[in-house]
Amino acid sequence: MSAIATSKMPIMPMTRRTLLFSAAAAVAAGLSIPLLRRGETAAAGETFEVTLSDAEWRKRLTERQYAVLRHESTEPPFSSDLHEEKRVGIYTCAGCDLDLYPSTAKFDSGTGWPSFWEALPDAVRTRSDYSLLLPRTELHCRRCGGHLGHVFDDGPPPTGKRHCINGVALKFREA
C-alpha cells in the first residue's frame with residue numbers, strides 16, 4: 001500500500017476562506033522581502049565623498065548614531081534633545097558634519113522628531129524606501145550616505161514638505 005493510500009489526513013477543500021488566507025500569506029511574504037534589506041547601509045550602491053569602513057564608522061559614531069545613520073534604524077519619538085532645540089543655527093550630519101538644515105526651516109510637527117520644511121541646497125538626497133507596507137521617500141546625507149529620516153507631503157508652506165529627521169543623525173551648531 002502506498003503512503004498516500006494509508007494517510008488519514010483529510011484533504012482540505014478549497015473554500016473562499018482558504019483562498020483568501022493563502023492569498024494574504026503570499027502577499028505578506030512578498031511584502032516582507034524588502035524588510036530583509038534593513039541591514040544594508042542607507043544608500044547601498046551609491047558612492048560618496050566620505051567613505052569609511054564599518055569599523056571606522058563604529059569608532060566615529062555612538063551606537064545609536066551608527067544604527068540610524070548606517071543601518072536605517074529609527075530612534076524613539078521625543079528621545080532627541082534636538083527635538084526641542086530653539087536656538088538659531090545649523091543642523092549638520094552627525095556622520096560627516098555636512099550642513100543639512102537651517103534652524104529657520106525647523107517646525108514642530110507634533111511627531112516627536114525634529115522636522116524641517118526644507119533642506120539646504122545640495123545637502124540631502126532621496127531614494128524610495130519599501131521597508132514598510134507603503135513606499136516612502138528616504139532622506140540621506142549626500143556626502144556620506146547616512147540615513148537621516150523620511151520626507152512626507154504634509155508639511156507647512158512654503159514647500160508643503162515635512163522632513164522628519166532622526167535627531168541622533170544630527171548635530172547642532174549655534175549661529
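# A quick tour of four helices and nine strands

The protein has 4 helices and 9 strands. Keep in mind that you're looking at a predicted model. Start at the N terminus and walk along the chain: the elements run α-α-α-α-β-β-β-β-β-β-β-β-β. Below, we'll take the whole chain, then the two sheets, then the core, and finally a few residues worth clicking on.

**The whole chain**

- Out of 175 residues in the protein, 39% are buried.
- The protein exposes about 10600 Å², and carbon and sulfur atoms supply 60% of that area.
- Look at contacts with a separation of 6 or more: 58% of them link residues 24 or more positions apart.

**The sheet of three strands**

- Strands pair up through backbone hydrogen bonds, and they can do so in a parallel or an antiparallel way.
- Here, 3 strands make an open sheet in the order S2-S1-S9, with antiparallel pairing.
- S2 and S9 are the edge strands, each pairing on one side only.
- If you ignore direction, neighbouring strands in this sheet are turned by 30° against each other on average.
- How many bridges hold S1 and S9 together? They pair in the antiparallel sense over 5 bridges.

**The sheet of six strands**

- The other sheet to find is also open, has 6 strands and follows the order S3-S4-S8-S7-S6-S5, again with antiparallel pairing.
- Its edge strands are S3 (106-107) and S5 (124-129), and each of these pairs on one side only.
- Beginning at the S3 end, S3 and S4 (residues 115-116) are antiparallel partners over 2 bridges. Lys 106 has Phe 116 in S4 as its bridge partner.
- S8 (residues 162-165) and S7 pair in the antiparallel sense over 4 bridges. One pair to look for is Val 151 with its bridge partner His 163 in S8.
- S6 and S7 run antiparallel and are joined by 4 bridges. Leu 139 stands opposite Gly 149 in S7.
- The hairpin of S6 and S7 has 5 residues between the strands, and in it Gly 145 takes a positive phi near 80°.

**The nonpolar core**

- The largest nonpolar core holds 28 residues, and the members that touch the most others are Leu 100, Tyr 101, Val 124 and Leu 148.
- Six elements each give at least two residues to this core: helix H4 (63-71) plus strands S1 (89-93), S2 (99-102), S6 (136-141), S7 (147-152) and S9 (170-174).
- Which element gives the largest share? That's H4, with 3 residues.
- Tyr 101 is a good one to zoom in on. Leaving out residues up to four places away in sequence, Tyr 101 touches Gly 89, Ile 90, Tyr 91, Phe 116, Glu 118, Ala 119, Leu 120, Val 124, Leu 139, His 163 and Ile 165.

**Helix H4**

- An α-helix has 3.6 residues a turn, so residues three or four places apart point the same way.
- In H4, the buried residues are Gln 65, Tyr 66, Val 68, Leu 69 and Arg 70.
- What do the buried residues of H4 pack against? Their partners are helix H3 (54-60) and S7.
- Just after H4 comes Glu 72, whose phi is positive, near 55°.

**Thr 92, in strand S1**

- Thr 92 lies in S1. Is Thr 92 buried or exposed? Its relative accessible area is 5%, so Thr 92 counts as buried, the cut-off being under 20%.
- Across from Thr 92, in S9, stands Lys 171.
- Thr 92 and Phe 172 are 80 residues apart along the chain, yet their C-alpha atoms are separated by 6.1 Å.
- Not counting residues up to four places away in sequence, Thr 92 touches Asp 97, Leu 98, Asp 99, Leu 100, Ala 169, Leu 170, Lys 171 and Arg 173.

**His 147, in strand S7**

- You'll find His 147 in S7. With a relative accessible area of 1%, His 147 is buried.
- The strand around it is covered too: 5 of the 6 residues of S7 are buried, so S7 is largely enclosed by the rest of the structure.
- What does the side chain of His 147 make a polar contact with? The partner is the side chain of Glu 138, at 3.3 Å.

Notes:
Residues numbered from 1 in each chain as written. Predicted model: local features only at pLDDT ≥ 70, side-chain atom pairs only at ≥ 80, totals over all residues. Heavy atoms only, no water. Core = buried A, V, L, I, M, F, W, Y, C linked by side-chain atoms within 4.5 Å. Buried < 20%, exposed > 50% of the residue type's maximum accessible area, 1.4 Å probe, protein only. Contact = heavy atoms within 4.5 Å. Areas by Shrake-Rupley, 256 points an atom, 1.4 Å probe, with all protein chains shown as cover. Pairing = 2+ DSSP bridges. Axes fitted to C-alpha atoms, helices over the stretch in contact; angles between N-to-C directions. Polar contact = N/O pair within 3.5 Å; in protein donor to acceptor, adjacent residues only side chain to side chain.
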